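Me: I am new to this structure and should like to understand the terms used to describe it. Please set each value against its definition.

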Amino acid sequence: MHRYASPKTFYPLAGRLIPWFGGATALLLAVGLYYALFVAPPDYQQGESVRIMFIHVPAAWMSMFVYVVMAAAGAAGLVWNVKLTEVLARSCAPIGAWFTVLALATGSLWGKPMWGTWWAWDARITSELILLFLYLGVMALQSAIDDPKRAARAAAILALVGVVNIPIIHFSVEWWNTLHQPASVTRIGRPAIHISLLVPLLIMAVAFMFYFVTVALLRMRNEILERERHTAWVTELIQSADAEPASPVAGNRPRGAAG
Amino acid sequence: MSWSDFFAMGGYGFYVWTSYLLAAVVLALNVILPLRGRKTVRARLRAYYRFNRQNR
């Protein structure tokens with residue numbers, strides 16, 4: 001396992017994994033969208049607007065999941081000083097921030113027809129907005145400090161402190177009297193959602209999960225190149241790609257060199 | 001069910017389709033940004049190595 005934590009080993013491995021995760025994402029999204037838009041029946045209370053749920057809920061789940069991954073990767077970086085976890089934490093932040101934006105925006109688009117308002121300062125919505133600010137804070141720290149090691153440490157500490165917000169988001173609908181409806185899938189016991197709505201929701205959630213892995217790997221590869229530019233393998237990788245157009249014989253590039 | 005019913009979404013068409021459109025934009029953006037990032041990182045590193053070679 002430790003071998004794969006070396007950026008040099010991970011870089012080509014990620015390159016080989018991306019098409020598989022990307023393909024799985026495309027397939028799951030196609031099936032999920034078909035179920036979400038054509039198969040799922042309209043809700044008996046919310047009518048066709050319930051279809052927003054198939055975007056909103058997976059985005060909200062991912063916004064929290066990516067945050068926990070980012071904080072855990074940051075913590076692992078603090079404890080074990082592993083470069084790859086710092087790379088992972090840094091790659092998670094913008095993706096998680098985008099999922100949070102999507103959750104907030106689709107929540108707003110769902111809230112307007114259902115509750116009659118685009119926005120309410122209720123506990124669920126406010127804590128999700130705080131999550132966005134936490135992501136932005138982590139990203140600001142990561143980019144404001146030049147030394148990647150120190151940047152990763154500062155961002156990891158902020159991310160770890162912000163983890164308290166995750167249970168607050170999750171339990172906000174139980175602890176406070178919110179405009180936001182209570183959890184219907186992740187509650188203990190039987191989910192309060194009909195199977196015909198649950199199936200597309202879960203497919204979309206898995207699709208979003210595969211999507212996250214795909215784009216995280218893409219970002220991690222860029223991050224690795226940047227951070228490892230002083231190493232021999234990155235120098236060779238970039239320069240062999242650089243020399244390629246001048247090469248007299250086409251196709252004599254060493255296999256895998258362009259990664 | 002006709003296509004116009006489908007697009008109307010029981011009167012919620014604007015909210016439903018804006019949500020799906022936003023999702024498409026966000027998902028596409030997070031693929032495009034790292035792919036463009038890959039190009040800029042590689043270009044920057046190429047220039048960086050060239051500069052180092054010339055000033056060695």
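**Helices, core and chain contact**

Reply: Helix α2 (residues 53–80) of chain A has 28 residues and reaches 39 Å from its first C-alpha to its last, close to the 40 Å expected at 1.5 Å a residue. The expected span is 1.5 Å times one less than the number of residues. This is a predicted model, in which local features need pLDDT of at least 70 and side-chain atom pairs count only at pLDDT 80 or more, while totals for chains, interfaces and linings use all residues. Residues are numbered from 1 along each chain as its sequence is written, and chains are lettered from A and ligands numbered from 1 in the order in which they are written.

Me: What makes up chain A in terms of helices and strands?

Reply: Chain A has eight helices and zero strands. Helices (H or I, at least four residues) and strands (E, at least two) are DSSP runs, numbered from the N terminus.

Me: Why is N81(A) called exposed?

Reply: A residue is exposed if 12 or fewer other C-beta atoms lie within 10 Å of its own, buried if there are 20 or more, and partly exposed in between, with C-beta atoms placed from the backbone. N81(A) has 12 C-beta neighbours inside 10 Å and therefore counts as exposed. This residue is found in the loop between α2 and α3 of chain A, and its phi is near 60°, a positive value in a residue other than glycine. Most residues other than glycine have a negative phi.

Me: Why is M9(B) called partly exposed?

Reply: M9(B) has 19 other C-beta atoms within 10 Å, so it is partly exposed. M9(B) lies in the loop between α1 (3–8) and α2 of chain B, and its phi, near 50°, is also positive.

Me: What makes S91(A) buried?

Reply: S91(A) has 25 other C-beta atoms within 10 Å and is therefore buried. S91(A) lies in helix α3 of chain A. Its C-alpha is 5.8 Å from that of M220(A), although the two are 129 residues apart in sequence. Leaving aside residues up to four places away in sequence, S91(A) touches A216(A), R219(A), M220(A) and E223(A); contact requires C-beta atoms, placed from the backbone, within 7 Å.

Me: Which residues have the most contacts inside the largest nonpolar core?

Reply: They are M70(A), A89(A) and C92(A), in a core of 71 residues. A nonpolar core is a set of buried Ala, Val, Leu, Ile, Met, Phe, Trp, Tyr and Cys residues joined through C-beta atoms within 7 Å. Beyond four places in sequence, C92(A) touches V66(A), V69(A), M70(A), A73(A) and A216(A).

Me: How do you know that α3(A) and α2(B) are roughly antiparallel?

Reply: The axes of helix α3 (residues 83–115) of chain A and helix α2 (residues 13–54) of chain B come within 9 Å and cross at roughly 175°. Axes are lines fitted to C-alpha atoms, for helices over the stretch in contact, and angles run from 0 to 180 degrees between N-to-C directions. Angles over 145 degrees count as roughly antiparallel, and α3(A) and α2(B) are therefore roughly antiparallel to each other.

Me: How many residues of chain A are in contact with chain B?

Reply: 29 residues of chain A are in contact with 24 residues of chain B. Helix α3(A) gives the most to that side of chain A, with ten residues.

Note on methods:
Angles under 35 degrees count as roughly parallel, over 145 as roughly antiparallel, 65 to 115 as roughly perpendicular and the rest as oblique. Two residues are in contact if their C-beta atoms, placed from the backbone, lie within 7 Å.
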